[in-house]
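Trainee: I'd like to learn how to read a fold from its coordinates. Could we go through one together?

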Amino acid sequence: KMSIEEKIQGLGYKVWNKKDSEGNVIAKRIYINNLAELAKKLNIELMKPKGYRKDTMYFDCLDEKFYFNVTSGRKETVLKIISAIK
């Protein structure tokens with residue numbers, strides 16, 4: 001079974017790492033800077049796709065959670081996108 005991290009990478013997104021001075025990974029994330037583009041890749045129909053182009057989220061590969069900051073009206077759609085990835 002593919003991990004969420006592998007699924008997101010399969011959609012064309014890259015992993016970003018931050019390391020401390022000793023070379024240990026202290027942050028590992030996949031940033032998604034255009035939710036309209038992601039929804040299209042997942043075949044999710046958006047009512048107003050232009051509004052989602054500037055909405056962003058990221059997947060934290062260390063705690064395996066999605067983080068996003070969108071208006072309350074868009075939250076349900078973002079959760080639908082996340083559900084489609086899982």
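**Reading the core and the hairpin**

Mentor: Sure. The largest nonpolar core has 22 residues, and those touching the most other members are Ile8, Leu35, Leu38, Met57, Phe66, Ile81 and Ile85. Two or more core residues come from each of helix 1 (4–10), strand 2 (25–32), helix 2, strand 3 and helix 3 (72–85). Keep in mind that this is a predicted model.

Trainee: What's the general idea behind looking for a core?

Mentor: Nonpolar side chains tend to be buried together in soluble globular proteins. Take Met57 here: leaving aside neighbours within four places in sequence, its contacts include Ile30, Leu35, Leu38, Phe66, Ile81 and Ile85.

Trainee: Next, the strands. How many bridges join strand 3 to strand 4, and do they run parallel or antiparallel?

Mentor: There are 4 bridges, and the two strands, residues 57–60 and 65–68, run antiparallel. One pairing to look up is Asp60 with Lys65 of strand 4. The two strands make a hairpin with 4 residues between them.

Trainee: And how should I read a positive phi?

Mentor: Start from the rule: most residues other than glycine have a negative phi. Glu64 is not a glycine, yet its phi is positive, about 55°. Glu64 sits in the loop between strand 3 and strand 4.

Trainee: Which other loop should I check, the one with Asn43?

Mentor: Yes, Asn43 lies between helix 2 (35–41) and strand 3. Asn43 also has a positive phi, near 60°.

Trainee: Are Asn43 and Glu64 buried or exposed?

Mentor: Asn43 is exposed, at 74% relative accessible area. Glu64 is exposed too, with a value of 56%.

Note on methods. Residues numbered from 1 in each chain as written. Predicted model: local features only at pLDDT ≥ 70, side-chain atom pairs only at ≥ 80, totals over all residues. Heavy atoms only, no water. Pairing = 2+ DSSP bridges. Buried < 20%, exposed > 50% of the residue type's maximum accessible area, 1.4 Å probe, protein only. Core = buried A, V, L, I, M, F, W, Y, C linked by side-chain atoms within 4.5 Å. Contact = heavy atoms within 4.5 Å.
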